[in-house]
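The following exercises concern the chain shown below. Each task is followed by a solution that proceeds step by step.

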Amino acid sequence: MNTTEVKHYKKPVELPLTKEEVNTTTILFGGLTLNHEHLLKGAIESLGYHADYLPVPDNQSLQKGKEYGNRGQCNPTYYTVGNLIRYLNGLKERGIKDIEKKFVFLTAAACGPCRFGMYESEYRKSLQNAGFGNFRILTFEQSDKFSETSGGGLDTNRAFYTALIKSLVLGDMLNEIGYRIRPYEEIKGETDEVIAMYREKLFMALRNGSSVREQLHGLRERLEHIKVDFLTVKPLVQIIGEFWAQTTEGDGNYKLARWLESEGAEVKLEPVSTWIDYLLWSSMLEEKEKLRIKPVKSTERMIGIFMLERLFKFYFNTYRRALGSWIQKLPSQGRLAGYASPYFDVHITGGEGHLEVGKHIMAFKDKKAHMVVSVKPFGCMPSTLSDGVQSKVTSDIPSSIFVSIETSGDAEINVKSRVQMKLYEARQKARDEFDTVLSEYGAEYNNLKNLLQNNHRLSNPMINMPHRYTGTAANFVSFMSR
Ligand code: SF4
């Protein structure tokens with residue numbers, strides 16, 4: 001008889017962040033856009049913590065992540081962990097013990113079918129290999145609360161959620177302002193200057209608890225002085241795909257959004273708010289289905305999700321109104337699921353779930369874009385699943401101009417030349433749409449251009465145009481011809 005003792009695997013005991021350490025510890029985070037992260041820093045600091053964000057991950061971060069991490073991970077894992085290690089290496093003069101004592105890293109985590117569920121342990125392994133064996137990772141469960149790792153130093157109360165929501169929603173709005181106005185501005189760089197100024201003002205408002213709405217009113221007034229030419233015909237390109245890959249502003253997607261803009265496109269970037277809305281929607285769906293099995297627990301959780309959704313929508317709508325309702329409404333999650341469900345089971349979670357498919361269909365059925373680029377990080381399982389379905393969607397929607405790209409850190413030229421080929425078609429599509437609208441309204445381009453030059457109100461970027469067509473120029477003709 002074999003009497004060898006079986007030693008079961010036990011998760012290593014994690015070092016906590018205690019309440020006493022909060023005053024001397026900086027919470028690091030990263031992975032979103034500059035607008036989000038700067039505002040998030042202000043929001044976290046308003047709660048009494050010290051916070052800072054990491055630089056945008058680049059290809060050196062990717063290499064560092066590969067050097068210290070396990071084999072076969074998806075790209076965002078390598079980029080984000082490599083970025084953290086490079087940042088900590090830059091602090092090494094202070095000594096490793098001091099770094100481990102005075103810094104923690106905060107990241108979202110989730111249980112689930114894709115590698116996202118393994119991020120936390122990947123971070124720990126890579127940090128250990130890089131010589132930071134006692135560095136603390138605080139994980140924030142997307143659907144729940146801080147893990148025990150936090151050790152009570154971080155309080156996930158209503159104030160925490162409110163701060164988080166406010167900063168993410170405001171970051172989305174600053175991004176949307178940039179991508180919608182910048183391509184049409186007459187003085188190059190003006191929109192970015194205004195955004196930088198108000199990013200700082202909003203940061204201070206969030207940190208000091210002063211009025212965010214007042215700053216948004218000021219922002220709106222300042223934006224009204226930027227001169228734009230909305231008669232410039234540009235293809236509207238929507239970027240979708242895996243959450244991190246579509247959001248990052250660095251090498252992780254070859255700086256895709258800014259590059260598309262430099263190629264003459266108007267870019268539609270997915271707001272983080274759509275992702276929050278999706279998480280709430282899918283959590284609610286799950287609880288509804290569990291209702292018959294665990295009625296009490298599910299009801300409690302449904303109330304919690306409902307309250308969180310109300311809080312989120314309250315801030316989204318309040319800030320949207322402060323900007324004159326110019327910011328686009330969030331897409332209906334029910335509608336996205338309805339579009340996706342003939343192709344993709346909406347109960348499948350992990351990554352973007354059915355969102356990639358739903359957004360692709362919505363872009364063309366609801367005239368939201370002339371072209372869709374879907375960004376799939378190398379090794380991403382959910383995006384591979386979606387891409388399998390997208391070819392069927394493309395064949396069912398003849399008007400779709402869709403390109404899926406895989407970002408591996410190299411092959412940039414290859415990827416960009418594929419996008420350029422599709423962009424050529426999208427440009428043509430935008431031009432055809434514009435010509436059709438001109439003839440529908442019996443309008444002459446030169447007459448409209450004269451009108452625009454002689455009427456300053458028409459060069460105001462904050463005009464609320466009707467949404468009848470896909471392109472901004474086509475909608476502007478419709479607006480001018482009322
Ligand atoms: S969605 Fe894809 S890229 Fe993102 S964590 Fe999951 S497997 Fe990795």
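**Exercise 1. Burial and overall form**

Determine what share of the protein chain is buried, and characterise its overall form.

Solution. In this predicted model, buried residues account for 44% of the 482 residues in the protein chain. The secondary structure of the chain consists of 18 helices and eight strands. The radius of gyration is 24 Å, close to the 23 Å that the globule rule gives for 482 residues, so the chain is as compact as a globular protein of that length. Along the principal axes, its C-alpha atoms fill a box of roughly 90 × 55 × 50 Å. Finally, consider the contacts between residues at least 6 apart in sequence: 74% of them join residues at least 24 apart.

**Exercise 2. Packing of H6 and H7**

Establish how helices H6 and H7 are oriented and which residues form their contact.

Solution. Helix H6 spans residues 158–181 and helix H7 residues 190–208; their axes come within 10 Å and cross at roughly 170°. An angle over 145 degrees counts as roughly antiparallel, and therefore H6 is roughly antiparallel to H7. On the H6 side, the contact is made by Lys166, Ser167, Leu170, Leu174, Ile177, Gly178 and Ile181. H7 contributes Thr191, Asp192, Ile195, Arg199, Leu202 and Leu206. Sorted by class, this contact has seven nonpolar, three polar and three charged residues.

**Exercise 3. The ligand shell**

Describe the residues around the ligand by proximity, origin and class.

Solution. There are 13 residues around the ligand, of which Cys74, Cys114, Phe116, Gly351 and Cys380 come nearest. Helix H15 (residues 381–396) gives the most to this shell, with three residues. The classes are nine nonpolar, two polar and two charged residues.

Notes:
Residues numbered from 1 in each chain as written. Predicted model: local features only at pLDDT ≥ 70, side-chain atom pairs only at ≥ 80, totals over all residues. Near = placed C-beta within 6 Å. Helix = DSSP H or I, 4+ residues; strand = E, 2+ residues; numbered from the N terminus. Nonpolar A, V, L, I, M, F, W, Y, C, P; charged D, E, K, R; others polar. Rg over C-alpha atoms; globule rule 2.2 N^0.38 Å. Buried ≥ 20, exposed ≤ 12 C-beta atoms within 10 Å, placed from the backbone. Contact = placed C-beta atoms within 7 Å. Axes fitted to C-alpha atoms, helices over the stretch in contact; angles between N-to-C directions. Parallel < 35°, antiparallel > 145°, perpendicular 65-115°, else oblique.
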